[in-house]
Structures are given as C-alpha cells and as structure tokens.
Amino acid sequence: MYILSVLPAQGATDPNLTRGVYLKALEGVTRHSLEVATDNIIKGHSNLEHGFMPSPPELRRECERVMKPINDSARYVREVDQARSEAKGRKHSSPVDATKNRDIFAVNIDHGTWTTTGKRTFPDGSLWEAKTGTVYGPANNAFNQVGATR
C-alpha cells in the first residue's frame, strides 16, 4: 500500500478517512495479491485506464484478478480430493466375482493372443482375466440349469 502513495491522488481527501476506506476494501486480501496488483498498476499491466491512485474498489478488483488463477486451482484441487474420497467409499462396497460358476478353458493366455485369435477360438461369452491370463467359459446361467432339470 505504501508504494501506491507515489501515484497522484484523484482529489484532496482526509488521509485518515482514506486509509480506513482502503483497509475496509482490502479486508481479506492477501499480501501477495496486493503486491502483485500494485506492481501491475505501476507497470501499466492492469485493467485500469488511468494513471492516478486507484479507488478502493478498483484496487480490490485488481487484487481479485491476481488471485483468480490461484483460487481456481485451489478449488479444483478440493473438488478432485472430494471426488476421490467419494469414489473410494463406493469402490469396495460390493465386489462382484465375474468368474464364479464358469469353467476354466485356458491358462497363461497373453493379451495379444486373446485379442487376435482368442476371442474367435473360445465360445461366445468367454471371459479373459488379465490379472491371471486365464480364459473362463461362458457363465452357467439359470436357463442352462433349468433346461438340465427338465
């Protein structure tokens, strides 16, 4: 704030009143944003179109413009962390074993073999598990079990 005092003021005012108004306008503003905004104003890199001391609201807007990318980044990090914690809670709620009640057709089948010939070699509905390289046959569904009892 001290460095801004080198800029000419817009009009003659009471210094104590002016100080109080600036402090009220800059309430909650970080020191970093005030320093960067001040440097931008002095160097002419601000949105202000005049060469005199900015009014309290103008200075506040410049500080907020400086902090916008930082605040947006912090908000994004909070949202990602929240989404991860919500997903973590749902992730292990009900694991399903897709290989249950299936016959094992082959073991140690790599991905290349499965994608090029395995899908055509094994019956429709076969399942290849990448972790073990195992090919499971089609699921034994209720239709097959009902058909077997007739």
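Start by selecting Arg102 and Gly137: a polar atom of the Arg102 side chain lies 3.0 Å from the backbone oxygen of Gly137. Keep in mind that this is a predicted model.

**Around Arg102**

Arg102 sits in the loop that runs between α3 (56-91) and β1. Now show its surroundings, leaving aside residues up to four places away in sequence. Arg102 then touches Gly125, Ser126 and Leu127, and also Tyr136, Gly137, Pro138 and Ala139.

**The sheet**

Select residues 104-106, which are β1, and residues 127-129, which are β2. Add β3, residues 134-136. What is the order of the strands in the sheet? The 3 strands run β1-β3-β2 in an open sheet, and their pairing is antiparallel. β1 and β2 stand at the edges with a single partner strand each, so one side of each has no neighbour in the sheet. On average, neighbouring strands here are turned by 35 degrees against each other, direction ignored.

Next, look at β1 and β3 alone. They pair in the antiparallel sense over 2 bridges. Select Ile104 and look across to β3: Tyr136 stands opposite. Tyr136 is also one of the residues that Arg102 touches.

**Salt bridges along α3**

The structure holds 6 salt bridges; the tour visits some of them in helix α3.

Select Arg60 and Glu64. They form a salt bridge, with the closest N and O atoms 2.9 Å apart. Why can these two be found about one helical turn from each other? Because Arg60 and Glu64 are 4 residues apart in helix α3, about one helical turn separates them. Are they buried or exposed? Arg60 is partly exposed, at a relative accessible area of 24%, and Glu64 also counts as partly exposed, at 43% relative accessibility.

Move along to Lys68 and Asp72, which form a salt bridge whose closest N and O atoms are 2.9 Å apart. In helix α3 these two are 4 residues apart, so about one helical turn lies between them. Asp72 is partly exposed, with a relative accessible area of 29%.

Keep Asp72 selected and add Arg75. Asp72 forms a salt bridge with Arg75 too, the closest N and O atoms being 2.9 Å apart. Asp72 and Arg75 are 3 residues apart in helix α3, so they are separated by about one helical turn. Arg75 counts as partly exposed at 39% relative accessibility. To finish, show Lys68, Asp72 and Arg75 together: salt bridges that share partners join these residues into one network.

Definitions and conventions
Residues are numbered from 1 along each chain as its sequence is written. This is a predicted model: local features need pLDDT of at least 70, side-chain atom pairs count only at pLDDT 80 or more; totals for chains, interfaces and linings use all residues. Side-chain values use heavy atoms; hydrogens and water are left out. Two strands pair if DSSP finds at least two bridges between them. Axes are lines fitted to C-alpha atoms, for helices over the stretch in contact, and angles run from 0 to 180 degrees between N-to-C directions. A polar contact is a pair of N or O atoms within 3.5 Å; within protein, one must be able to donate a hydrogen and the other to accept it, and residues adjacent in sequence count only if both atoms are side-chain atoms. Contact means heavy atoms within 4.5 Å. A salt bridge is a side-chain nitrogen of Lys or Arg within 4 Å of a carboxyl oxygen of Asp or Glu. Buried means under 20% relative accessible area, exposed over 50%, partly exposed in between (1.4 Å probe, protein chains only).
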